[in-house]
Every structure is written in C-alpha cells, then in structure tokens.
Amino acid sequence: MPPKTAPEKTQAEVPYSLLEYSAIFKKPIVEAFGTPAILIAAVLNALEPWGFALDGVEAKTHTEKLSEYAVIFRRSAPPGLSLTLGLGKVVVTAENLVWAEAEHFIAQMSAALNAILQTGRAEVQSQQVHMGMHIQLKTKPRKDVTARLLDPVAFTILDGEVKFPGIILFHDKSSIVIDASLAHANGLFVRIAREHPPEATLQQLAEALHKDEEQLFNVLGLEGIL
Amino acid sequence: MSALAQLAHIEQPRVPPPYGAPPKGIWPGEQPTSQRKRPRPAGAFEDIYGQRVKWEAPSDSGIKGLEDAYVFEDRSAVAAFIGENRLRGLLLQARGPLAAAFGEAAVKTLRLVRDDEGFRTLFCLVMVPGEMQEARRALRLFDQQWWVDGCGQAAGKLNFDFELV
C-alpha cells in the first residue's frame, strides 16, 4: 500500500487584516461622561506607555444621539490602532496585527480596559471579536481552494459559470464569511466573528481567535504566516 | 467577481440600538422570523461582509492599482523594483491584454528573477491550467496584440510568461 501523503498546501499571505474588539457595557456610563476629563486622563495615562499621546485624542461630541458620543484615542506611530470609548461600549480596532505581537497588544489593551472599568465604573455585558483579513493565495486559484467547501448541488442553484464559490456560516456565538477579496488578486476575504462572555480575558479571546485562524488555514489547506 | 462580493452593495441591516428595538432577521422584510439577530460588529465592520470597509488597504503608492490584478511574490522586493524601474504604468496597461489573451480569471504572479550575472527582471507569470499548446497560443496572442509594442518601454526589466499548473 503506497504511503499516504498529505495534500500539498497552498502558499498564502495575509497582506491586510483588521481586528475589531468590542465590549458592550451593561449600562451606559453616563455619569462617567459627566466629567469626561477624569476618564480621558485615566485612559490616556494607561495608553501613553504604548505610544498614544494627547494629539491622537479626538472627541466626537457633535452628535444628535448620545449613543454616538465618543472619545477616540489613536496611536500616531505606528498608526493603525485606535480605541473608541462611547457611553455604551468600547471598541478597539487594529490593522495588520501579527501573532508575534499578541502579548504586547493584550498588555496595552488590558491597561486601557482596566482604566475604563475602574474609572468609568463600567460593567461588561458581552465581548465580541471580529477579524477581517485578505488572504492572497500564491500557488493555486482561489476558486479551487473554496470549491470543495460547497456541495456540487449548490452550483446548480443559478445557471452560468460560477466565478467564485464563497460561504457564510452562522453558529450560535460565531460566524464566518469566506468571500472573494475585492482588494487583492487571487485573494480571499475572510471575516470571523465570535461573541464571548463578559468574564473572558483578552488572553482567552486571543487564544480563541488564533485557534479559529489556524483551523481556517487547515480546512482550506493554506500555509503561511498568520 | 464573486457573487458574495457583489452583495456588498446591497443595503445591510442597521446595527440595532444597544438597548432598544426587538431583534429582527438578517434580511429585514425578507425573513419573517423571530430569530435572534446575530452579534453585529460595532465599528469598522458595519456591513455583514465588512469588505467595503478599508478594502482599499493602504499600500505603497508605487503599486497602487496593481494589488487587485497581480499576486505579489515577495511583496516588498517586487514593490520596490516596480517603483525603481517605473513599471507600474506598463503593468496597469497590461491588465486588459492579459485578460484578453488568458481570460479574466487567470492568476497573474509577479516574481523577481535574477540571472547568473545578477541582472534582475520582473516576470509576470500567468498560471495556466490547460495544456502547453493552449498556453503558448495565448502568450503569442498577448505578444502580438500588445507586448511587441510595449516591451521597449520596459528596458528589459519586465517580461511575461506562463506557468502550467
């Protein structure tokens, strides 16, 4: 019997990714915004060691809805990282994070979130992580990589040639979209979303995301640096 | 482009107010269901696919417009070479003739190749799943219809070929 050989992996690169973390508060922290200076100072103090400065702080106050009122902390160098604090939630967005920097990122965001929870007296109701990434395939057409995810019957729903078979899967607390990238040739656009309980730590959220990404690469037969 | 990608322009359901209206189905008005609405992103990912947001990823201006047409092998080195040798314009122009000869769906990879004397050339390699004869015919068509006139501008720094897959 010939030895089993693993199917050849498709070389892949992630040229662009965007992570979004959201913590939804149990109740709006209206009182904390009564004197926002204290809250802003606490968050800025927590973030300053990580490259955030006063110049990167914006107040979005000209809104009709109180829920849209927010203070945005942007890191200037390197750019691509921001924390938006509103009355009902805090949202962190980060571009092109790599797993080698995960500990560093978790440490700075933990510092900021602790400042918000303590100074703003916020209580977290739920946490969500969304990861969107463009994955460029180097050695195989993207259509060939995703075609086997769908039952052939699916291809008969509409007539004509299928240009790209993508999928959307909804689970109880998570979802994934695999689409053709609009930005990168022969690329996939993947969005993974997962809801987490309030008590989960950022470390646990990161581990869950890493596992999801690894599983994505395994299922698609991809090889590359996440 | 994929069907899914094209759905991105369809108006997406709005993010529900955090403490308000009852949840609705994913496609309002089309799914009469009381199914609980999925967790929705709060910030950058405002539509269900999230791809409209930031899909124009910041990139080196020297390769602007090339990212969605070519696969980059060794991204930074290829981007630098394109910039140094001002090949962006030619590569932009080549998209149409390449599609005409090899088909819209053909994957085109940009790869830097160094010869024995150290001279570097950027190769655009078109992945062809068919047979050798078919690939040669397509390349000949491309050469005759466009590259013969354009190769002078490349000064030997750019070439086109195919790779059977």
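Three short exercises on a predicted model follow, each with a worked solution.

**Exercise 1. Layout of chain A**

Task: State how many helices and strands chain A has, and in what order its elements run.

Solution:
- Count the elements: chain A has 4 helices and 10 strands.
- Read them from the N terminus: β-α-β-β-β-β-α-β-α-β-β-β-α-β.

**Exercise 2. The α1(A)–α2(A) pair**

Task: Work out how helix α1 of chain A is oriented against helix α2 of chain A, and describe their contact.

Solution:
- Locate the helices. α1 spans residues 36-47 of chain A, and α2 spans residues 102-119 of chain A.
- Take the geometry. The two pack at an angle of about 160°, and their axes lie 8 Å apart.
- Classify the angle. Angles over 145 degrees count as roughly antiparallel, so α1(A) is roughly antiparallel to α2(A).
- Add the hand. The crossing of α1(A) past α2(A) is right-handed.
- List the contact residues. α1(A) contributes A:Ile38, A:Leu39, A:Ala42, A:Val43, A:Ala46 and A:Leu47. From α2(A) come A:Gln108, A:Ala111, A:Ala112, A:Ala115, A:Ile116 and A:Thr119.
- Sort them by type. The contact of α1(A) with α2(A) holds 10 nonpolar residues, 2 polar and no charged.

**Exercise 3. The chain as a whole**

Task: Give the box dimensions of chain A, its buried share, and the share of its contacts that join residues at least 24 apart.

Solution:
- Along the principal axes, the C-alpha atoms of chain A fill a box of roughly 70 × 35 × 30 Å.
- Chain A has 226 residues, of which 38% count as buried.
- Consider contacts in chain A between residues at least 6 apart in sequence. Of these, 63% join residues at least 24 apart.

How values were computed
Residues numbered from 1 in each chain as written. Chains lettered and ligands numbered in written order. Predicted model: local features only at pLDDT ≥ 70, side-chain atom pairs only at ≥ 80, totals over all residues. Axes fitted to C-alpha atoms, helices over the stretch in contact; angles between N-to-C directions. Parallel < 35°, antiparallel > 145°, perpendicular 65-115°, else oblique. Left-handed = near helix turned anticlockwise from the far one by under 90°. Contact = placed C-beta atoms within 7 Å. Nonpolar A, V, L, I, M, F, W, Y, C, P; charged D, E, K, R; others polar. Buried ≥ 20, exposed ≤ 12 C-beta atoms within 10 Å, placed from the backbone.
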